[in-house]
Amino acid sequence: MPSGRLRGALGAGAAALAGGVYWWRTHPSACPYGQRFLIQIPHPPITRRRLLAILQPAPGERILEIGPGTGHYTLDVAAAIGPDGRLDIFDLQQEMLDHTVRRATERGLENIEPAKGDATALPYEDDLFDAAFLVTVLGEIPDQDAALRELQRVVKPGGRVVVGEVIFDPHMVTLGQLEARGAAAGLSFDRHSGSKLGYFARLTA
């Protein structure tokens with residue numbers, strides 16, 4: 001049996017952890033570039049292979065990625081749409097965009113176009129993209145409803161919007177929350193893969 005002092009320390013640690021998670025959940029914000037190692041940790045439930053399977057990027061398509069981070073998913077999608085396609089990457093932080101573009105250049109990918117800004121006011125015209133995706137990003141946006149409305153606006157009618165979430169992320173958006181918010185934004189739920197621990201969901205504009 002742990003001593004009273006040890007039990008107290010464990011209790012205090014658990015309380016601090018719970019308090020930290022609560023703060024993160026109630027204060028949505030993007031992961032700073034200086035802490036990018038956090039987004040580079042592998043997340044088995046939401047692999048690149050699983051993203052490609054549900055996003056189904058096709059050669060020649062124009063696709064939008066919100067919050068590419070350091071390009072973990074970006075490069076595979078860019079390769080899938082080929083040189084005749086175009087992947088627009090959009091992020092709040094120029095450092096993330098620069099990092100991803102450098103990685104793309106190293107792999108010989110020249111079909112990536114970066115842009116900096118706020119996901120609740122996308123600088124793109126209506127019905128422009130064949131598809132859009134964002135992985136562990138939606139919960140970091142203070143106004144998720146506005147971001148989903150913008151995605152509905154810029155994706156072509158019938159186009160795909162794929163959202164990836166994982167339970168280890170303090171900003172995780174549950175599948176039920178996503179379905180409700182998506183419907184309110186005019187995005188109909190299509191299907192999902194994965195489980196409560198991590199999933200990809202596909203919505204239709």
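In the predicted model, I66 of strand β1 stands opposite F90 in strand β2. The two strands, β1 (residues 62-66) and β2 (residues 86-91), pair in the parallel sense over 5 bridges. Between them the chain passes through helix α3 (residues 74-81), and the resulting β-α-β crossover is right-handed. Strand β1 also pairs with strand β4 (residues 129-135). This second pairing is parallel as well and comprises 3 bridges. Here I63 of β1 stands opposite A131 in β4. Strand β1 thus has β2 and β4 as pairing partners. The strand is mostly covered, with 4 of its 5 residues buried.

Helix α2 spans residues 48-55. Its residues L51, I54 and L55 are buried. These three lie on the same side of α2, because they cover an arc of only 95° around the axis. Such grouping follows the helical repeat: with 3.6 residues a turn, residues three or four places apart point the same way. The cover over the buried residues of α2 includes helix α3 and strands β4, β5, β6 and β7 (198-204). Just after the helix, Q56 takes a positive phi of about 55°.

Strand β6 (residues 188-195) contains R191. This residue counts as partly exposed, because its relative accessibility is 33%. R191 touches I54 of the buried set in α2. Its contacts also include Q56, the residue with positive phi just after α2. A53, F200, A201 and R202 are likewise in contact with R191. Of these, F200, A201 and R202 fall within the range of β7. T204 lies 13 residues from R191 in sequence, and the C-alpha to C-alpha distance between R191 and T204 is 9.5 Å.

Strand β5 (residues 155-166) holds E165. In contrast to the partly exposed R191, E165 has 0% relative accessibility and therefore counts as buried. A polar atom of the E165 side chain lies 3.3 Å from the backbone nitrogen of V173. V173 is also among the residues that E165 touches, together with H171 and M172. Further contacts of E165 are made with I46 and with the stretch T136, V137, L138 and G139. G198 and Y199 complete the set of E165 contacts. Both G198 and Y199 fall within the range of β7. Residues of β7 are thus touched by E165 of β5 and by R191 of β6.

Methods:
Residues are numbered from 1 along each chain as its sequence is written. This is a predicted model: local features need pLDDT of at least 70, side-chain atom pairs count only at pLDDT 80 or more; totals for chains, interfaces and linings use all residues. Side-chain values use heavy atoms; hydrogens and water are left out. Buried means under 20% relative accessible area, exposed over 50%, partly exposed in between (1.4 Å probe, protein chains only). Two strands pair if DSSP finds at least two bridges between them. A crossover is right-handed if, with the strands pointing away from the viewer, the path from the first strand over the helix to the second runs clockwise. Contact means heavy atoms within 4.5 Å. A polar contact is a pair of N or O atoms within 3.5 Å; within protein, one must be able to donate a hydrogen and the other to accept it, and residues adjacent in sequence count only if both atoms are side-chain atoms. The arc is that of the directions from the helix axis to the C-beta atoms.
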